[in-house]
Amino acid sequence: MGTNENQGAVMLRAVMADDLPLFFEHQLDPEAAWMAAFGAAGMRDWGEFSARWTRALNDDTRITRTIMWNGEVAGNVSSFMLFGDPAVGYWLGREYWGKGIATRALAAFLEVVTVRPLYARAAQDNIGSLRVLAKCRFVICGEDKGFATARGGETEEYVLRLG
Ligand SMILES: CC(C)(COP(=O)(O)OP(=O)(O)OC[C@H]1O[C@@H](n2cnc3c(N)ncnc32)[C@H](O)[C@@H]1OP(=O)(O)O)[C@@H](O)C(=O)NCCC(=O)NCCS
């Protein structure tokens with residue numbers, strides 16, 4: 001993917017209720033849901049999505065931030081417990097891909113979430129996400145496979161660790 005790296009200003013802020021319909025649209029995108037593969041990707045029902053997000057935002061074990069790019073809501077980044085370890089995940093609306101936004105948003109988030117080691121998982125063919133993690137100094141520490149809802153089948157993933 002050709003990038004015009006570091007275009008525009010990236011910042012994180014607290015999630016606001018008005019962000020949720022945008023996040024809902026982002027995760028409905030079939031290509032994005034395929035990339036992300038696991039988790040709650042591709043939730044079709046707004047009621048279920050907003051209930052899940054409302055619970056997550058009230059969950060003390062999670063930290064979530066809205067990613068702003070040039071004053072626009074570009075996506076979100078969050079930390080949560082995954083298989084007993086603290087982990088990170090992120091999602092951008094497709095129109096925001098390829099501008100270096102995820103790399104800068106994750107780097108900023110790593111100053112908010114300081115627990116180490118910190119883990120991430122990505123489907124082995126999610127080249128963009130693996131690159132974002134590598135640029136933020138995550139290293140591959142294992143492999144796993146599981147049922148990926150968005151793909152309707154078993155998918156191999158890498159486990160990555162920072163610190
Ligand atoms: C994965 C995702 C977050 C990448 O966001 P992004 O802002 O486009 O990433 P960046 O612009 O910071 O790119 C970082 C690097 O990855 C590369 N990259 C990004 N997307 C890529 C793709 N689809 N294929 C190949 N390389 C890609 C960029 O070229 C850049 O590499 P470089 O610095 O060597 O030039 C975004 O595509 C997304 O939200 N996808 C859907 C949800 C998802 O997969 N979340 C992660 C779940 S593990």
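A residue counts as buried if 20 or more other C-beta atoms lie within 10 Å of its own, with C-beta atoms placed from the backbone. The legends below apply that cut-off to a predicted model.

**Figure 1. A123 in strand β5 is a buried residue.** The C-beta atom of A123 has 21 others within 10 Å, so A123 is buried. Strand β5 covers residues 118-123. Beyond its neighbours within four places in sequence, A123 is in contact with M35, A37, A148, T155 and E157. A9 lies 114 residues away along the chain, and the C-alpha atoms of A123 and A9 are separated by 28 Å.

**Figure 2. The whole chain, shown for orientation, holds five helices and seven strands.** The order along the sequence is β-α-α-α-β-β-β-α-β-α-β-β. The radius of gyration is 15 Å, close to the 15 Å that the globule rule gives for 163 residues, so the protein is as compact as a globular protein of that length. The C-alpha trace spans about 35 × 35 × 35 Å along its principal axes. Of the 163 residues, 34% count as buried. Among contacts with a separation of 6 or more, 62% join residues 24 or more positions apart.

**Figure 3. The ligand has 23 residues around it.** W97, A102, T103, G128 and R131 come nearest. Helix α2 (30-36), strand β4 (85-92), helix α4 (101-112) and helix α5 (127-135) each supply at least two residues of the shell. The largest share, five residues, comes from α5. By type, the shell divides into 13 nonpolar, eight polar and two charged residues.

**Figure 4. The largest nonpolar core has 35 residues.** I67, V88, I101, A105, L106 and A120 have the most contacts inside this core. Helices α2, α4 and α5 each supply at least two of its residues, as do strands β2, β3, β4, β5 and β7. In soluble globular proteins, nonpolar side chains tend to be buried together. V88 touches V77, S78, S79, L106, F109, V113, L118 and A120, not counting residues up to four places away in sequence.

**Figure 5. Strand β2 pairs with β1 and with β3.** Strand β1 (residues 10-14) runs antiparallel to β2, and five bridges join the two. Here V10 stands opposite W69 in β2. The pairing of β2 and β3 is also antiparallel, over seven bridges. R65 stands opposite V77 in β3. Five of the seven residues of β2 are buried, so the strand is largely enclosed by the rest of the structure. A hairpin with two residues between the strands links β2 and β3, and N70 in the turn has a positive phi of about 50°.

**Figure 6. Strands β3 and β4 form a hairpin with F83 in a positive-phi conformation.** Strand β3 (residues 72-82) and β4 run antiparallel, joined by eight bridges. G75 stands opposite L92 in β4. Two residues lie between the strands. F83 is found in this loop. Its phi is near 50°, a positive value in a residue other than glycine. Is F83 buried or exposed? F83 is exposed, because 9 other C-beta atoms lie within 10 Å.

**Figure 7. H26 is a buried residue of helix α1.** Helix α1 covers residues 20-28. H26 counts as buried because it has 20 C-beta neighbours inside 10 Å. Leaving aside neighbours within four places in sequence, H26 is in contact with A32, G75, W91, L92 and G93. G75 and L92 also stand opposite each other in the pairing of β3 and β4. From H26 to G163 is 137 residues in sequence and 30 Å in space, C-alpha to C-alpha.

**Figure 8. Two loops carry backbone exceptions at A37 and P117.** Most residues other than glycine have a negative phi, and most peptide bonds are trans. A37 is not a glycine, yet its phi is positive, about 65°. A37 sits in the loop between α2 and α3 (46-57). With 25 other C-beta atoms within 10 Å, A37 is buried. A37 is also one of the contacts of A123. The peptide bond joining R116 and P117 is cis, with omega about -5°. P117 has its place in the loop between α4 and β5.

Key. Residues numbered from 1 in each chain as written. Predicted model: local features only at pLDDT ≥ 70, side-chain atom pairs only at ≥ 80, totals over all residues. Near = placed C-beta within 6 Å. Helix = DSSP H or I, 4+ residues; strand = E, 2+ residues; numbered from the N terminus. Nonpolar A, V, L, I, M, F, W, Y, C, P; charged D, E, K, R; others polar. Pairing = 2+ DSSP bridges. Buried ≥ 20, exposed ≤ 12 C-beta atoms within 10 Å, placed from the backbone. Contact = placed C-beta atoms within 7 Å. Core = buried A, V, L, I, M, F, W, Y, C linked by C-beta atoms within 7 Å. Rg over C-alpha atoms; globule rule 2.2 N^0.38 Å.
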